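Visitor: I am new to this structure and should be grateful for a close look at a single part of it.

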Amino acid sequence: MMLRRSTLALAASALLAIGPLALTAPTPAAAATSALPHRVLFDNSKGETAGNADWIISTAQPDPRTQNANPTTEKSWTGALSAWGVALQKTGQYSLKTLPSGSTISYGTGAALDLANFDTFVIPEPNIRFSAAEKSAIIRFVQNGGGLFLISDHNQSDRNNDGWDSPAIINDLFTNNGVNNNDPFGFSVDIKNISTDNPRAVNDAADPVLHGPFGTVTGSILRSGTTFTLKPADNPQVKGIVYRTGSSGNTGAFFVTSGYGSGRVAAWGDSSPADDGTGQSGNNLFNGWDDPAGTNAALALNATAWLRLPGSGPAGGGPAPHSPHHPPRRAPAPPAGPAVPPPGTCPLRRACGPSHRAGVRFLPYCRNDPHRRDPMGAAMPSYPHRTTREDLRVPLPDGTELYARLWRPATDAPVPVVLEYSTGRLTDWTATEDARRHPWFAGHGHAAVRVDARGHGNSGGLPPTAASADLSVDDGAAVVRWLAGRPWCNGRIGLLGTGTAGALALRIAARVPDAVRAVVTACPDGPHRLGGAVLAADGHTRATAHLADAARPPDPLYVGDDWRALWLARLDALEPPLADWLDAPAAPAPAAAVPTLAVAGWSDPSAAAVLALAERSTAATPVRAVLGPWPHGLPDELLPEALRWYDHWLRDIDTDAPATPALRSWLGTRWSADDPWPSPGVRRVGYGLDGPLRAAGTASEDRWVRVRSPQHTGLNAGSYVPHGRPADRPPDQREEDGRSVCFDSRPLPEPLELHGSPTLTLHPDPLSGGALVAARLCTVAPDGTSTLLTRGVLTLPTDPADPDPVLALAPVGATVPPGHRLRLTLSSTYWPWLWPDADPDGFAVDPSRSTLTLPVHDPATSTDAAPFRSPTLPLPPPLHLTEPLTARPERVTVHDIGRREWRTELSPATDGTRTHPDGLVRAEHTVTAYRVLTATPLSAQARTDRTLRLERPALGWDITVHTRTELRCDATHLHAHTQLRAEEAGNVVFAKEWHQRIRRDGG
């Protein structure tokens, strides 16, 4: 339609001086009351408000009644389709909702706004292409008895400049839906732009749309619209009921009805007739609803009523008579879905409270209550921009296509892009977190894009191997260039990444610094070795998870029937990554090629990398770092800082981001701001191990202190990579202290701020070469409680001529209260973090020539930084989690006294079965076990079992992936046995085992 002011609109404006406009739509005759209202969902997820369009019934979404519960005129609700909505609402026989911007069209998922919960779905001039899953959902909805109302507009009516207008989008739905690609409804949209016409209705007294409960239809109006071509050979139920002047038969139809499966379809060739001329300010609208040249209100309302299933409840004035073209249908039946519960309840419990049935919880609250204000409703936060969401395919130079999801502000102006490029599977594994954060960036003016890496998720290609490790960087750079060339992008890209993806973001930025203008990296990966020792914790567990995750298949809902061939090729190419990780040379300290904001928690293994980035900051390539009390990941509190960083470098908004301090860090009692970093306010203070720190029980005449720890020393270390679970945190360290040699200070007379990386210079016995040294720094309270501050590891040099070795402890930010003591502990093993040394005799050190150097921070040299605050984010989509009724403890240790064996078993809290809004059922189960004999270091063994199951009950799709990694050691090598088994519907389709011998010294 052509959006403009007309003489009719001016006349309507003049009437406002007299009084409120009364709705001129006819009221339904012989209205019948019923307990089952006609449930109508209006779409706003496909750019229906882009440009000057305002095709919504109300700005209150999903429930328009929150704007006005008892509307009387089109002015009661705000939107250019408000007259349509209010006319239906006033009958008392309709329940109206809107699918808000940023939402996904779904069918059979159990979500509150799923199509299965509605009788009719109205799509008024879509401006964003439907994803493959959405097209399938729409067709299946109609096929199973739903009513679909489509409104097209003219050719080249692309309001959001994404290359897709409504005729192309609707035709794509008809021919590329994965259910029936041969015009299932029997018509197609003409690629035309017809400036003006007054189409006339056919002479058919029995037609239920032309002669329905809201009055008789004589014609309509066409003001910059199009028509339809009928294809009765594809579907004999298709029928044109309003035609362009001079047209009839199979061409020139302006209003079309049809049937498919058990459902019905209506289509209109222009949005002008439905436009009531009101709406949000700033939109140039046109009052076609009341245009006397047509009976548009009756046409819209009769068609809405007719789309409702006969006999399933009120539709206008009761069941509409059947047309010979449209036989009676059964009620819509989704593949499987819970009944809509009454307010305050959900399908699995009577009330959303602590009386929840055992084994079931809702994340993070009961989302199945359709009466609550859910993340797509009135509780949705308000942002400067409305947002849209669509799924894309990003082509790579070699022809491989990567699967991507795009959230974009609804604006005609090009915007910068925030890209997160990851192996994390955006349609399931990261979907919940993506749906919280990326719409937030889009709502603040950035296009946010999540891309699945090659060979992962729904992307094509094979996972990179060690021989093609740089391929991930090449692919990422190609994605950056492709995004920079989109018409909706201003050519500036910001990268976002966490963990491995955070480290990868730095490498991609270095490859294409002309397009990448800023990076936000969180916890940019950690090492696989510590001080020359091989990690036992995290290494094999992470390798097992990596193999299992890479072995998951593409999702047929998104990639179609090609999923199996892609999956089998993917499985055949997989190799366990552990040997490659350990054989690889130590990675250099990360560097920034573009302005970078680096974030981590103090307890994360990446904290040292974040400090290294801050130390390399320059005026040309500034780096700002934040270290806080967080687990692994990007905390919500820092999203405003990330936005501030992106706004400055990508949008030329003066946010003063470069003026922030080089390092802001949590020191246990306050946020400190230090600029520059390293800070001149940090002094390196040495503590001799025979003076300020002294080993209890060591005679002063003894030169050497021998350290010989039992092999279970380290069982209370906590998690190497903390994810915020209770069992991740190291408990009271007194048991560990008892298995170690301790050097204690006197009680501190005043608070002591530690800020940076402590070091420990040791003078070892020449015969101790090659021994493992594990050092911990703790603070001991007056009641004896020992709290871990930091720790480090070193393999002693084998050449006695080498200078005294220096052990680097992990960075620390803490304040030790007065009255507490510092305690340095030394042990000769740290299991299960590290593989034990073959020699159980340990090592000896000379305390008189050994020094602990602490980074002591002078509070007077820094300012207090403002605390960070979490923004108001969209609530994530409903994710139903069923926990195992026999859930294991997260971490449990058993001491078999008779065998002198210690066994530790870990089972992450993420285990359970999750049901996603699109119908995917995802189950996970992981168990990691460690065992060691008290006095036998080479008895150490580790094993991780991981099972993943993906199901789509509606498609009969059922995939299970089992992986196992078992590790044992000898004096020089690790011996790894890895197994992978993949099943489809319980049948093994792939199985493989690997036996690897990996040098412990990395040679």
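How much area does the protein chain expose, and what share of it do carbon and sulfur atoms supply? Please then turn to the second largest pocket.

Guide: This is a predicted model, in which local features need pLDDT of at least 70 and side-chain atom pairs count only at pLDDT 80 or more, while totals for chains, interfaces and linings use all residues. Residues are numbered from 1 along each chain as its sequence is written, and side-chain values use heavy atoms, without hydrogens and water. The protein chain exposes about 36800 Å² (Shrake-Rupley method, 1.4 Å probe), and 53% of that area comes from carbon and sulfur atoms.

The second largest pocket (an open set of points on a 1 Å grid where a 1.4 Å probe fits, with protein on both sides within 12 Å along at least five of seven lines) holds about 1000 Å³ of space. Its lining (residues with an atom within 4 Å of a point) numbers 40 residues, and Ala132, Lys135, Arg393, Tyr558 and Val559 lie nearest the centre. Among the elements that give two or more residues to this lining are helix H3 (132–143), helix H11 (563–573), strand S16 (387–395) and strand S17 (401–409); helices are DSSP runs of at least four residues, strands of at least two.

S16 and S17 also belong to an open, mixed sheet of 11 strands, ordered S16-S17-S19-S18-S20-S21-S24-S25-S26-S27-S41, where paired strands share at least two bridges. S16 and strand S41 (863–864) are the edges, each with a single partner strand, so one side of each has no neighbour in the sheet. Further in the order, S18 (residues 415–422) and S19 (residues 447–452) run parallel, joined by six bridges, and Leu419 stands opposite Val449 in S19.

Definitions and conventions: Grid points are joined across faces, edges and corners, and a volume is the space filled by probe spheres set on the points.
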